[in-house]
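Please look through the structure shown below with the sequence beside it, and follow the paragraphs one region at a time.

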Amino acid sequence: MAYVRLMERWNTTYNLTAIRDPRAMVVQHVLDCVAAVAALDRKRGTGRGERVVDVGSGAGLPGLVIAMTSPNRLVTCVDSVGKKAAFMRQASATLGLKNVTVLHARVEDVSGQFDVVASRAFSSLSTLVATTRHLLGDCGIWMAMKGKAPEPEFAELERDVSFHVEPLVVPQLNAERCIVWLERAATASARLS
């Protein structure tokens, strides 16, 4: 709730989200991301020491929610908008999140290797893969949070990328949500061997 109160306060000046009602923020932002964290836990386990990068993090969604609910994961939140990065830094400090790094940068300029490249409303799947491929570790996965399954985007993916759509159920939200899990086809084949 402290996170939602911070979002609400900063939103009046910095326009972090189009949603203004705190109750709607809880459902459409926080619970949405909590449902994604549960899916991430099912997919990867609890991820002790796992490195996650949230690209186009905005108000810290899903990155700060992942950090709050998974203190054993190391989360890097990236946004090219300075005021959004400033909000995430303040929120991390206020909430005492020791497992968060915030970068004010374009994702193309970020370096490092991550186990999970997460996004929520960042771009098309093909753009996500193209702009973040350099960040994906050897056994890493992409976690793209979407509303409806973006069927037309699947045909645009490069041939070396496999995908799986996992529907999400978000409490109190009457709208479709899913995660598109993507990985290098070679990684998927290696796991089956």
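In this predicted model, Val-26 is in contact with Met-1, Val-4 and Leu-31, once its neighbours within four places in sequence are left aside. Val-26 itself has its place in helix α2, and because its relative accessibility is 21%, it counts as partly exposed, given that a residue must be under 20% to be called buried. If you measure from C-alpha to C-alpha, you will find Val-26 and Gln-172 to be 9.8 Å apart in space, although 146 residues separate them in sequence.

Gln-172, at the other end of that distance, has its place in the loop between β6 and β7. With a relative accessible area of 71%, Gln-172 is exposed, and its phi angle, near 70°, is a positive value in a residue other than glycine. To see why such a value deserves a remark, it helps to know that most residues other than glycine have a negative phi, and that most peptide bonds are trans. Ala-121 is another residue other than glycine with a positive phi, here near 60°. This alanine is found in the loop between β4 and α5, and its relative accessible area of 72% makes it exposed. The peptide bond that joins Leu-61 and Pro-62, in turn, is cis, with an omega of about 10°, and Pro-62 is found in the loop between β1 and α3.

Two of the residues just met, Leu-61 and Ala-121, return when we turn to the largest pocket, because they are listed with His-29, Asp-32 and Arg-120 as the residues nearest its centre. The volume of this pocket is about 300 Å³, and its lining consists of 18 residues. Which elements give two or more residues to this lining? They are helix α2, covering residues 22-44, together with the strands β5 (136-146) and β7 (177-184). In chemical character the lining is mixed, for it divides into seven nonpolar, six polar and five charged residues.

Strand β5 also holds Lys-146, a residue whose relative accessibility of 16% means that it counts as buried. Its side chain makes a polar contact of 3.4 Å with the side chain of Glu-153. When residues up to four places away in sequence are not counted, Lys-146 touches Ser-123, Ser-124, Leu-125, Glu-153, Arg-177, Cys-178 and Val-180.

Leu-125, one of these partners of Lys-146, is also one of the buried residues of helix α5, the others being Leu-128, Val-129, Thr-131 and Thr-132. An α-helix has 3.6 residues a turn, so residues three or four places apart point the same way. The buried residues of α5 pack against β1 (51-55), β4 (114-120), β5, α6 (151-154), β6 (161-168) and β7. Thr-131, which is found in this helix of residues 125-132, counts as buried because its relative accessibility is 14%. A polar atom of its side chain lies 3.4 Å from the backbone oxygen of Leu-128, and beyond its neighbours within four places in sequence, Thr-131 is in contact with Val-107, Glu-108 and Phe-122. The C-alpha atom of Thr-131 is separated by 21 Å from that of Gly-147, which is 16 residues away along the chain.

Is Ser-70, in its turn, buried or exposed? It is buried, since its relative accessible area is 3%, and it is found in the loop between α3 (63-69) and β2 (74-79). Leaving out residues up to four places away in sequence, Ser-70 touches Val-37, Asp-41 and Asn-99.

The aromatic rings remain to be considered. A pair of aromatic rings is described by the distance of the centres and the angle of the planes. A search of the whole structure finds four such pairs. Trp-10 and Phe-87 form an aromatic pair that is edge-to-face, with 5.4 Å from centre to centre and 65° between the planes. This pair links distant parts of the chain, since Trp-10 lies in helix α1 (residues 2-14) and Phe-87 in helix α4 (residues 82-95), 77 residues apart. Both Trp-10 and Phe-87 are buried, and ring pairs link them with Tyr-3 and Tyr-14 into a cluster.

Conventions
Residues numbered from 1 in each chain as written. Predicted model: local features only at pLDDT ≥ 70, side-chain atom pairs only at ≥ 80, totals over all residues. Heavy atoms only, no water. 1 Å grid on protein atoms, 1.4 Å probe; cavity = no way out; pocket = protein on both sides within 12 Å on 5 of 7 lines; lining within 4 Å. Points joined across faces, edges and corners; volume = space filled by probe spheres on them. Helix = DSSP H or I, 4+ residues; strand = E, 2+ residues; numbered from the N terminus. Nonpolar A, V, L, I, M, F, W, Y, C, P; charged D, E, K, R; others polar. Buried < 20%, exposed > 50% of the residue type's maximum accessible area, 1.4 Å probe, protein only. Polar contact = N/O pair within 3.5 Å; in protein donor to acceptor, adjacent residues only side chain to side chain. Contact = heavy atoms within 4.5 Å. Phe/Tyr/Trp six-rings, centres within 6.5 Å; stacked < 30°, edge-to-face > 60°.
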